[in-house]
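Biologist: I would like a close look at one part of this model, and then a walk outwards from there. Please keep to what can be checked on the screen.

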Amino acid sequence: MKKIFLSLTMIAASLSFAQKKEIANAVKAADQGDASTTAAEISKAEAIFGDKIYLLEPSVQEQYYYAKGLGLVKAGKIAEGAQVLAKISDLGKSTIYTGKDNDKNKVYFVGKEQADKLGAGLALKEEKYSPSLASKISPQLIPMFQTAYKNGVTAYEAKNFPQAAKLFEESYDLSKAGLFDNPSVLYSAGIAYAQGEKKEEASKVFQRLLDMGYTGAETIYTAKNKKTNQVDTLDKSTFDLYKKMGASGDYTDFKEEKTPSKEEEIYDFQSLLLMDLGRYDDAISLIEKGIKKYPNNAKLANALGIAYYKSGKTDQFINSLKSQIAKNPNDANAWYNLGVIYKNDPAKQKESEEAFNKAISIEPNNKNAYDNMVALLMGDDSKTVDEFNALKKAKKIDEANKVMELRRARFAKAIPYAEKAYALDPKDADMVSLLKGLYNATQNTAKYNEFKAKEAELKK
């Protein structure tokens, strides 16, 4: 009996035919709204090509995305399905790189990134592909988009921000999948996530917006409807058409309004979110990009300094603060932060005092600056007390008295700052107790008794 051998080419051809058949069946089932059959046929096809979807020619890739995405949507997995359907749009927008791999299989890489990653070393040529199923998607997804968006607005007005954000994000995915990409809805999702304290989700959305180059700047076209006397928002083509028709058309009072860019604001949001999440290196990388685009953004400059500080990059933090001060000598926050960082360096105590005083002169009600100045001037008091006791025990009375004199002098210098801090917040129990101790140490009995009474009153 003869053994029959199939060539690799024949095997590849038979597999290709099989997966095309399964995908065609899936498309038919998706059009009929049969989610279970769609999923089953897609599973059969995926079992053949695995994760090597680039082996499918663009028309078959489109059918695959169409059937799988629509099947997921019909099964209630709207966000997941919409993201799959959106890949059809990518097929039409991206360059297709075609050629043969090392096993002589025809390959179709969508976009340069995929071609560079999976097709390195292959001889590839560039092609374009025009999707043919797009017209079948929008009519099915637009009503779903409208429902999701409407429900999102309702949830937002009810202050159910996490639910609103989820619905807005779902709306965006549906809009992209329906080929009427509306990233402003995704921006609304990011805002809602942030308001709902869903910081991880908000950060992912804002990064997604930055990665896609979203700025929010757009032109809004409006005109007054002659029949309803209402101002309608029109798409550009309709706006141009009616404007050209003039008095014979249905509209008048044509206006074009350009909305401002939201990109700088998104950089601000994302930098703060990344720091709140403890991702300081990511924050630094993002902020540095943002500052290149918006060099006069004080919020980003301040955030960069904090990110440097939080990540332990003290030198970069100091340089960042000095750079801020060079641009704006009246930046009280930068002076304050410089004082804080110098306060921890024994060799920079004078510079720290000067920085806090500068911050206070610019912002007289900066309580944190007063608090830190008091701590700076007092120094390490427990160490001073230990030194005094050691000298006294060693019978070095003169030296011990000198230590106490210097201590009283420091305390006397600190008292005005402590009094100002107390005036700004009379219910600060810690500051009341501290002032009581300072007056006691400087032998001001009347003030000591006054603040002793205040301390007792606050403890009631």
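In the hairpin of S1 and S2, which residue takes a positive phi, and how many residues stand between the strands?

Modeller: The residue is lysine 104, with a positive phi near 70 degrees, and the hairpin has five residues between its two strands. Keep in mind throughout that this is a predicted model.

The two strands of the hairpin are S1, residues 96-100, and S2, residues 106-110. They run antiparallel and are joined by five bridges. You can follow the pairing residue by residue on the screen. Isoleucine 96 of S1 faces valine 110 in S2. Threonine 98 stands opposite tyrosine 108, again in S2. Strand S2 is mostly covered, since four of its five residues are buried.

The hairpin belongs to an open sheet of three strands, in the order S2-S1-S3 and with antiparallel pairing. S2 and strand S3, residues 125-127, are the edge strands, and each of them pairs on one side only. From one strand to its neighbour in this sheet, the average turn is 30 degrees if direction is ignored.

Before the hairpin in the sequence comes helix H4, residues 78-93. Valine 84 has its place in this helix. Is valine 84 buried or exposed? Its relative accessibility is 12%, so it counts as buried; the cut-off for that word is under 20%. Apart from neighbours within four places in sequence, valine 84 is in contact with Tyr65, Lys68, Gly69 and Leu72. Take leucine 72 as one of these: it lies 12 residues from valine 84 in sequence, and the two C-alpha atoms are 8.8 Å apart.

H4 also leads to the next helix to look at, because the buried residues of H7 pack against H4, H6, H8 and H9. H7 covers residues 161-177, and its length can be checked with simple arithmetic. At 1.5 Å a residue, its 17 residues should span 24 Å, and the C-alpha atoms at its ends are 24 Å apart, which agrees. This helix is mostly covered, with 12 of the 17 residues buried. Among the buried ones are Phe161, Leu167, Phe168, Tyr172 and Leu174, and also the charged residues Glu170 and Asp173.

Now follow H7 to its partner H8, residues 183-195. The two helices pack at an angle of about 160 degrees, and their axes are 8 Å apart. An angle over 145 degrees counts as roughly antiparallel, and H7 and H8 are therefore roughly antiparallel to each other. H7 passes H8 in a left-handed crossing. Residues that make this contact include Phe161, Ala165, Phe168 and Tyr172 of H7, together with Val185, Leu186, Ala189 and Tyr193 of H8.

H8 itself has 13 residues and reaches 19 Å from its first C-alpha to its last, close to the 18 Å expected. Its buried residues include Val185, Leu186, Ala189, Ile191 and Tyr193. They pack against H6, H7, H9 and helix H11, residues 263-276. Glutamate 197, which follows H8, has a positive phi near 60 degrees.

Further along the chain there is another open sheet of three strands, in the order S5-S4-S6 and with antiparallel pairing. Strand S5, residues 231-234, and strand S6, residues 251-258, stand at the edges with a single partner strand each, so one side of each has no neighbour in the sheet. The twist from one strand to the next averages 30 degrees. Six bridges join strand S4, residues 219-225, to S6, and these two strands run antiparallel. Within this pair, threonine 222 stands opposite lysine 255 in S6. Helix H10, residues 236-245, lies across S4, S5 and S6, and it runs at about 140 degrees to S6.

The last stop is a helix pair to set beside H7 and H8. H15, residues 332-343, and H17, residues 367-378, pack at an angle of about 25 degrees, with axes 11 Å apart. H15 and H17 are therefore roughly parallel to each other. H15 passes H17 in a left-handed crossing. On the H15 side, the contact is made by Tyr336, Val340 and Lys343; on the H17 side, by Asn368, Ala369, Asn372, Ala375 and Leu376.

Methods. Residues are numbered from 1 along each chain as its sequence is written. This is a predicted model: local features need pLDDT of at least 70, side-chain atom pairs count only at pLDDT 80 or more; totals for chains, interfaces and linings use all residues. Side-chain values use heavy atoms; hydrogens and water are left out. Buried means under 20% relative accessible area, exposed over 50%, partly exposed in between (1.4 Å probe, protein chains only). Two strands pair if DSSP finds at least two bridges between them. The expected span of a helix is 1.5 Å times one less than its number of residues. Contact means heavy atoms within 4.5 Å. Axes are lines fitted to C-alpha atoms, for helices over the stretch in contact, and angles run from 0 to 180 degrees between N-to-C directions. Angles under 35 degrees count as roughly parallel, over 145 as roughly antiparallel, 65 to 115 as roughly perpendicular and the rest as oblique. A crossing is left-handed if the near helix is turned anticlockwise from the far one by less than a right angle, and right-handed if clockwise.
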